[in-house]
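Please take a moment with the sequence and the model before reading on. The paragraphs that follow begin at a pocket and then move outward through the helices, the cysteines and the backbone.

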Amino acid sequence: MNEAVVFECFSYAYPKTEPVLNEIEFVVPRGSFTVITGPSGAGKSTICRAMAGIVPNYYGGRSAGRVLVDGEDTAGQRIADLTRFVGLVLDDYESQLVSLTVEEEILFGLYNRGLAPAEALPAMRKALNEVGLTGKEKLRLDELSGGQRQRLAIASVLAYKPDVLVLDEAASALDPEGAESLYRMLDELRRDYNLTVIVVEHELAYVLPYATQMLAVVDGRVAACGALDEAFSALWTKPELRALVPDLWQIKFTMEAYLNRKLGEWRTAAEAAAALQTVLTKGETEEYDQRRTG
C-alpha cells in the first residue's frame, strides 16, 4: 500500500458550527513530505486533527466521508491507538509538554503505553538523538530554548515510532535560521526512516527545498493538490489565489510566460539563479533588458 493517508470526500463541522471542511479529497503518498497551506481559518488545523482521529472522535460534531490512515478508517478508533500510526505536534506545542525534565517528558508517554524501563530508556535516548537533544536529558524544560522545546515535543511523538508525523504550523515561533534547521531535520528523518511528513506552513520558502507535494486549502475546500509544479500551476491560473504561490515561483511563472519555456522546479534562490543563467543566452538577456528599459 503506497498511501499513508487518504481523505475520501471528508466533511466536518464542530458542534454548533457551520462546516469547516467540505468534501476534502486528497492522498498523501507513503514516505512523502507534504505541505498544507492556505489562508488563516481555511481548515488546515482541522485536517491535521482529522488525521490523528481527534476530529471527530474527541471533538464530536458532524462528519461525512472517511479518513484512512495506513488503510484504516479513523472513525470510532481510540486516539491512543491511532498514535501507533500518526504523531501530531500542535501549533501550540508548549501545551503538549507536561513534565519537568527532558527525559521525564518522553518517558511519561512511554510508561503510560506500558513499556518497561528496559524498552523505554533506549527509545527515549534514540528519540532525543534524532532531534539533536542528546545530553540534555536532565535539563528542566525551562532551561531549554523555544526551538529545543519544540524539538522535545517532536521527540516525544517520535518515541512512539509513528508512520506519519504531522506538524501544525511547526515554524511559527521560530526565526528563519530555526525554521530552516527544523525542516532540514524533518527531511533527514523522513529519508532515514521512510517517515511520512506532513506540515502546515504559511512561509513556503522555508519548506520548498524539501516538499514533494502540496495541498492548498481555501474556505474548507481543496484549491490545489499534487506535486509542486502541478499545485502551484493550478493556483497561478486563478488570480484570486496567486498570493498562495511563493514569491520564487511567482517570478518563475512570470519568466516562463515571457520566455515561453519551462524553467523547472525552483526550490531555492540559488537554484533559480542557476537555471536562469543556463536558459538565458546573452542575446536573450540583452533583448529582455531592451524591452524592459525601452
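How many residues line the largest pocket, and which of them lie nearest its centre? In this predicted model, the lining of the largest pocket is made up of 23 residues, and those nearest the centre are Thr83, Leu88, Gln96, Val157 and Tyr160. The space in this pocket comes to about 600 Å³. Rolling a probe the size of a water molecule over the atoms is what reveals where such empty space is left. At least two lining residues come from each of helix 3 (79-82), strand 6 (86-89), helix 4 and helix 6, and among the contributors helix 4 gives the most, with six residues. Tyr160, one of the residues nearest the pocket centre, also takes part in a charge-ring arrangement, in that the charged end of arginine 113 sits over the ring of tyrosine 160 at 4.5 Å from its centre.

Helix 4, which spans residues 102-112, deserves a closer look after the pocket. Its buried residues are Val102, Glu103, Glu105, Ile106, Leu107, Gly109 and Leu110, and the elements that cover them include helix 5 and helix 6 (146-158). In an α-helix there are 3.6 residues a turn, so residues three or four places apart point the same way. Following helix 4 comes glycine 114, which has a positive phi near 90°.

Helix 5 runs over residues 117-130 and includes glutamate 130. Is the side of the chain at glutamate 130 buried or exposed? Glutamate 130 counts as buried because its relative accessible area is 16%, which is under the 20% cut-off. Once its neighbours within four places in sequence are set aside, glutamate 130 is in contact with Leu158, Met185, Leu189 and Tyr193.

Helix 7 (residues 176-193) contains tyrosine 183, which is buried at 0% relative accessibility. Not counting residues up to four places away in sequence, tyrosine 183 touches Phe33, Ala170, Ala171, Val199, Val200, Glu201, Tyr206, Val207 and Tyr210. Computed along the sequence, tyrosine 183 and glutamine 150 are 33 residues apart, while their C-alpha atoms are 12 Å apart in space.Helix 9 (residues 228-236) holds alanine 231, another residue that is buried, with a relative accessible area of 0%. Outside its neighbours within four places in sequence, alanine 231 is in contact with Met214, Ala224, Cys225 and Gly226. Alanine 231 and valine 86 lie 145 residues apart in sequence, and their C-alpha atoms are 25 Å apart in space. A second charge-ring arrangement involves tryptophan 236, over whose ring the charged end of arginine 242 sits, 4.1 Å from the ring centre. As for rings paired with rings, the count comes to 10 aromatic pairs, and such pairs link Tyr12, Tyr14, Tyr58 and Tyr59 into a cluster.

The cysteines come next. A disulfide is a covalent bond between the sulfur atoms of two cysteines. Why does cysteine 9 form no such bond with cysteine 225? The closest cysteine sulfur to that of cysteine 9 is in cysteine 225, and because the two are 14 Å apart, they are too far for a bond. Cysteine 225 is likewise in no disulfide, since the nearest cysteine sulfur, that of cysteine 48, is 14 Å away, against a cut-off of 2.5 Å. The structure as a whole holds zero disulfides. Cysteine 9 is partly exposed, with a relative accessible area of 33%, and cysteine 225 is partly exposed as well, at 25%.

Cysteine 48 leads on to helix 1 (residues 44-51), which is mostly covered, with six of its eight residues buried. These buried residues are Lys44, Thr46, Ile47, Cys48, Ala50 and Met51. Just after helix 1, glycine 53 adopts a positive phi of about 80°. Within helix 2 (residues 54-57) lies proline 56, and the peptide bond that joins valine 55 to proline 56 is cis, with omega near 0°.

Positive phi values also occur in residues other than glycine. Cysteine 9, placed in strand 1 (residues 3-13), has a positive phi of about 45° although it is not a glycine. Aspartate 70, found in the loop between strand 4 (62-69) and strand 5 (72-73), has a phi near 55°, again a positive value in a residue other than glycine. Aspartate 70 counts as partly exposed, at 24% relative accessibility.

Notes
Residues are numbered from 1 along each chain as its sequence is written. This is a predicted model: local features need pLDDT of at least 70, side-chain atom pairs count only at pLDDT 80 or more; totals for chains, interfaces and linings use all residues. Side-chain values use heavy atoms; hydrogens and water are left out. Helices (H or I, at least four residues) and strands (E, at least two) are DSSP runs, numbered from the N terminus. Buried means under 20% relative accessible area, exposed over 50%, partly exposed in between (1.4 Å probe, protein chains only). Contact means heavy atoms within 4.5 Å. Rings of Phe, Tyr and Trp (its six-membered ring) pair if their centres lie within 6.5 Å; planes under 30 degrees apart count as stacked, over 60 as edge-to-face and the rest as tilted. A charge sits over a ring if NZ of Lys or CZ of Arg is within 6 Å of the ring centre and within 35 degrees of the ring normal. On a 1 Å grid over the protein atoms alone, a cavity is a set of points where a 1.4 Å probe fits but cannot get out, and a pocket is an open set with protein on both sides within 12 Å along at least five of seven lines; lining residues have an atom within 4 Å of a point. Grid points are joined across faces, edges and corners, and a volume is the space filled by probe spheres set on the points.
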